[in-house]
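Student: I am new to this structure and would be grateful for a close look at one part of it. Please describe the pockets and the cavity, and then the packing of the residues around such spaces.

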Amino acid sequence: MTTPNDIAAAISQYRAAGYGVLRGAFNADEIAETAAAFDRHWARGMALGASFRHGNLLYRLGEDARLGKVLRMVQWPSYEDALLARVRNDPRLFALLEPLLGGDIKQIINQMHWKRPGSAGEFAFHQDVRFRRPREAYRNLAQSYVQTGIAIDRHDAENGAMKIYPASHRFGEVDLAIAGSVMDGAMADDSLRRAGLDPARIVDLALDPGDVAFWNAYTIHGSGANVSTRDRRFYLNGFVRAADCDRGEWAFRAGRPCPLGAPVLVHYEALHERPEPHFIEG
């Protein structure tokens, strides 16, 4: 059971270092239910055999150098999964968000991420501000955006935990010279050195199941391969102050959780032109 002091300490860490961790926010039974949801979506995604979209819901498959075809992530599973929908605007997340964003909050990220045992997949060092497009739809990102991640498994260096550059949220937007996609990009120290940053400052984000990590849009982070025999599953939910964003699903209005209805514009630009279910390339 987390306390107000735990929340205050996590927020203090976030403000100083660009990331924070609320330990033990979700209990073992809740995490077991969420893990079962991950298993359901993995099975469905792999059965599809190719990347598939239905409105904002997206199953993104890819090729892993060691494992072959894998499900890399699912975007917006909460449209079809009542349990994940309930978790996405749980009061415990609001307790972290409200001191930073206020009571009126939209959501622009709702994602399930996998790193299966032995997966070679990495995420190159990056800042989430890179993905906030179109930029004119987002304002004051340094203060208006918070990314959260709920650990479903133990996260450590062996199974590809996030690596963070502390206090990098104070640097503004940094050119990390990323060629191609962040997903499956090499987490290379040279990209930090070219930007005048010291790789020795990087820290591992070690998490236990049920911990909630949260970080700033400008915090530099990445993650390595899973060289363990254990899963590394992460449930990501990204939030923005409603007054500073023209897109996104409502998560909280005046502090009250908002259910999902018909999909609204978030990232998928062709939502209204092609809302029907379809397979996609890439």
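Tutor: The account below takes the open spaces, then the enclosed one, and then the packing.

The model is predicted: local features require pLDDT of at least 70 and side-chain atom pairs count only at pLDDT 80 or more, whereas totals for chains, interfaces and linings use all residues. Residues are numbered from 1 along each chain as its sequence is written, and side-chain values use heavy atoms, with hydrogens and water left out.

Rolling a probe the size of a water molecule over the atoms shows where empty space is left. On a 1 Å grid over the protein atoms alone, a pocket is an open set of points with protein on both sides within 12 Å along at least five of seven lines, while a cavity is a set of points where a 1.4 Å probe fits but cannot get out; lining residues have an atom within 4 Å of a point. Grid points are joined across faces, edges and corners, and a volume is the space filled by probe spheres set on the points.

The largest pocket has a volume of about 640 Å³. Its lining comprises 28 residues, and those nearest its centre are Gln111, His113, Phe123, His126 and Phe131. Several strands (E runs in DSSP of at least two residues, numbered from the N terminus; helices are H or I runs of at least four) contribute to this wall: β4 (68-75), β5 (105-115), β6 (123-126), β7 (145-151), β11 (221-223) and β12 (232-241) each supply at least two residues. By class, eleven of the lining residues are nonpolar, eleven polar and six charged. Here Ala, Val, Leu, Ile, Met, Phe, Trp, Tyr, Cys and Pro count as nonpolar, Asp, Glu, Lys and Arg as charged, and the others, Gly among them, as polar.

The second largest pocket holds about 190 Å³ of space. Around it stand Arg53, Asn56, Leu58, Arg60, Met73, Gln75, Trp76, His267 and Tyr268. Strands β3 (57-64) and β4 each give at least two residues to this lining, which divides into four nonpolar, three polar and two charged residues.

There is one cavity of 30 Å³ or more, with a volume of about 40 Å³. Val70, Leu71, Arg72, Trp114, Lys115, Arg116 and Ser119 line this cavity. Both β4 and β5 supply at least two of the lining residues, and β4 gives the most, with three. The lining has three nonpolar residues, one polar and three charged.

Among the cavity's lining residues, Arg72 deserves a separate look. Arginine 72 lies in strand β4 and has a relative accessible area of 7%, so it is buried (under 20% relative accessible area; exposed is over 50%, and partly exposed lies in between, with a 1.4 Å probe and protein chains only). Neighbours within four places in sequence aside, arginine 72 is in contact (heavy atoms within 4.5 Å) with Arg60, Leu61, Gly62, Met112, His113, Trp114, Gly121, Phe123, Met183 and Asp184. Of these contacts, His113 and Phe123 are also among the residues nearest the centre of the largest pocket.

The packing can now be described. A nonpolar core is a set of buried Ala, Val, Leu, Ile, Met, Phe, Trp, Tyr and Cys residues joined through side-chain atoms within 4.5 Å. The largest such core has 40 residues, of which Leu96, Ile150, Val212, Phe214, Tyr235 and Phe239 touch the most other members. Helix α4 (residues 91-101) gives the most to this core, with six residues. A second, separate core of 25 residues includes Tyr145, Met162, Leu207 and Phe234. Methionine 162 lies in strand β8 (residues 162-164) and is buried, with a relative accessible area of 6%. Residues up to four places away in sequence aside, methionine 162 touches Val203, Asp204, Leu205, Trp215, His221, Gly222, Ser223, Arg232 and Phe234.

Aromatic rings also meet in this structure, which holds ten aromatic pairs. Rings of Phe, Tyr and Trp (its six-membered ring) pair if their centres lie within 6.5 Å; planes under 30 degrees apart count as stacked, over 60 as edge-to-face and the rest as tilted. The ring centres of tyrosine 14 and phenylalanine 214 are 5.2 Å apart and their planes stand at 10 degrees, so this pair is stacked. Ring pairs also link Phe38, Trp42, Trp114 and Tyr235 into a cluster; Trp114 is one of the residues that line the cavity.
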